[in-house]
Amino acid sequence: MDPLEARRRSHRLAASTALAIAAGYGLALPLPYLAALFAVFLTSGASEAPRAKRIVVILLALALTLGIGVILGTLASTYPATGLALMAAGIYLSTRIATSEGKAPAGMLLSIGCAVIPAIAAVDPGLAATLIQAMVLAMAVALLCQVVAFALFPATGPAPAPPPPPALADSQWIALRATLFMVPPVGLLLLDPTFYLPVAMKSLLLSREASAVSARAATRELLTSTLAGGAGAVLFWLLLGLAPTLWFFTLWTAVFTGYTGYRLYGLAPTRHGPSWWVNALVTLLILLGAAVQDSAAGRDVYQAFALRMALFLGVTGYAIVAMAALERWREQRRAAPTRTPEAVPCS
């Protein structure tokens, strides 16, 4: 990638995420940190600003997808086996769309509609409706912030060629792994949707980032990026405590995201790949946003942070163990000799 374009991409990512933080908390959205998460997902791989028609289509598709999730949740509460089977099929299909067709944002949103919303709707339909409203508003804010970021830092060259999609067998295997990864967070959402929502969002990210064919590389990446995101969230919180205002919140978001962007786009030397930095940044934003919500609600921020971080490491460990077991089973199937039917003598 051209260094000038890489630098502009880093600045666009920092600008869109910081603006999303400012708009989300300034407008008092129900879950303001979701706007920053969507800004990262949309801007990290974007090469051009979304046009007005595309913004409308995305928002309508998101509302429709999340609305289907409410129907699945109602079905799951009445007919658990059928509802859970449809949720699993939706996660599998969304992962196939994200990997084989190269539409990661669309696959992510479809996974939310097939896993997060149905689990919450099965427990509290009113909370699911509120969450849908929050997500649509957060997506609208993220898209507008992306437009502003592109206006401030326009693209300077053609978009880089997308990576080749995995083979059909690998794509199916990745989708199966992603479906199994979402089992624990869906169960946690059925217990307490409000508290475990950040864990479910983290698990969705794990199901996408654990797409490397090499299980060993994916294991190291998932664990270290989660720990780095947690350490970054602690540092961010301590710096924010020096001046807990929205202006400084926005400023520190730009600084941390810019630091990530320079390594994400290869402007600074790093041992980790782009997916590692995206995972670490999203982990930081999820933990930080949940901490701000806990502080506003009068909860013990440090106790809640420790519990969420433990859960993050727990779902990461589950993903690592499940992936290793699945890869071992797959290798055993490949190594198993295939039997050919014996010829039957003719009488």
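The following exchange concerns a predicted model and the reasons behind some of the terms applied to its helices, salt bridges and surface.

Biologist: What makes the span of helix H12 close to the expected one?

Modeller: Helix H12, residues 274-296, has 23 residues and reaches 33 Å from its first C-alpha to its last. At 1.5 Å a residue, the expected value is 33 Å. Just after H12, Gly298 takes a positive phi of about 80°.

Biologist: Why is H12 described as largely enclosed by the rest of the structure?

Modeller: Of its 23 residues, 18 are buried, so H12 is largely enclosed by the rest of the structure.

Biologist: Why is Asp294 called buried, and why does Arg299 count as partly exposed?

Modeller: Buried requires a relative accessible area under 20%, and partly exposed lies between that value and 50%. Asp294 has 1% relative accessibility and therefore counts as buried. Arg299, at 45%, therefore counts as partly exposed.

Biologist: How do you know that Arg299 forms a salt bridge with Asp294?

Modeller: The rule asks for a side-chain nitrogen of Lys or Arg within 4 Å of a carboxyl oxygen of Asp or Glu. In the pair of Arg299 and Asp294, the closest N and O atoms are 2.9 Å apart, so the pair satisfies the 4 Å limit.

Biologist: What makes the pair of Asp294 and Arg308 a salt bridge?

Modeller: Their closest N and O atoms are 2.5 Å apart, so the 4 Å cut-off is met here as well. This pair links distant parts of the chain, with Asp294 in helix H12 and Arg308 in helix H13 (residues 301-335), 14 residues apart. Arg308 has a relative accessible area of 6% and is therefore buried.

Biologist: How do you know that Arg9 and Glu5 are about one turn of the helix apart?

Modeller: Both lie in helix H1 (residues 3-26), four residues apart. An α-helix has 3.6 residues a turn, so residues three or four places apart point the same way. Arg9 forms a salt bridge with Glu5, with 3.4 Å between the closest N and O atoms, and both residues are buried.

Biologist: How many salt bridges does the rule give, and which residues do shared partners join into one network?

Modeller: The count comes to four. Glu5, Arg9 and Arg12 are joined into one network by salt bridges that share partners.

Biologist: Why does Leu251 count as partly exposed, and which residues form a nonpolar patch with it on the surface?

Modeller: Leu251, in helix H11 (residues 246-264), has 45% relative accessibility and therefore counts as partly exposed. Trp247, Phe248 and Val255 form the patch with Leu251, and together the four have about 460 Å² of accessible area.

How values were computed:
Residues are numbered from 1 along each chain as its sequence is written. This is a predicted model: local features need pLDDT of at least 70, side-chain atom pairs count only at pLDDT 80 or more; totals for chains, interfaces and linings use all residues. Side-chain values use heavy atoms; hydrogens and water are left out. Helices (H or I, at least four residues) and strands (E, at least two) are DSSP runs, numbered from the N terminus. The expected span of a helix is 1.5 Å times one less than its number of residues. Buried means under 20% relative accessible area, exposed over 50%, partly exposed in between (1.4 Å probe, protein chains only). Patches are made of residues with over 30% relative accessible area and no salt bridge: like charges are joined within 9 Å, nonpolar side chains (Val, Leu, Ile, Met, Phe, Trp, Tyr) within 5 Å. Accessible areas come from the Shrake-Rupley method with a 1.4 Å probe; for residues, only the protein chains shown count as cover.
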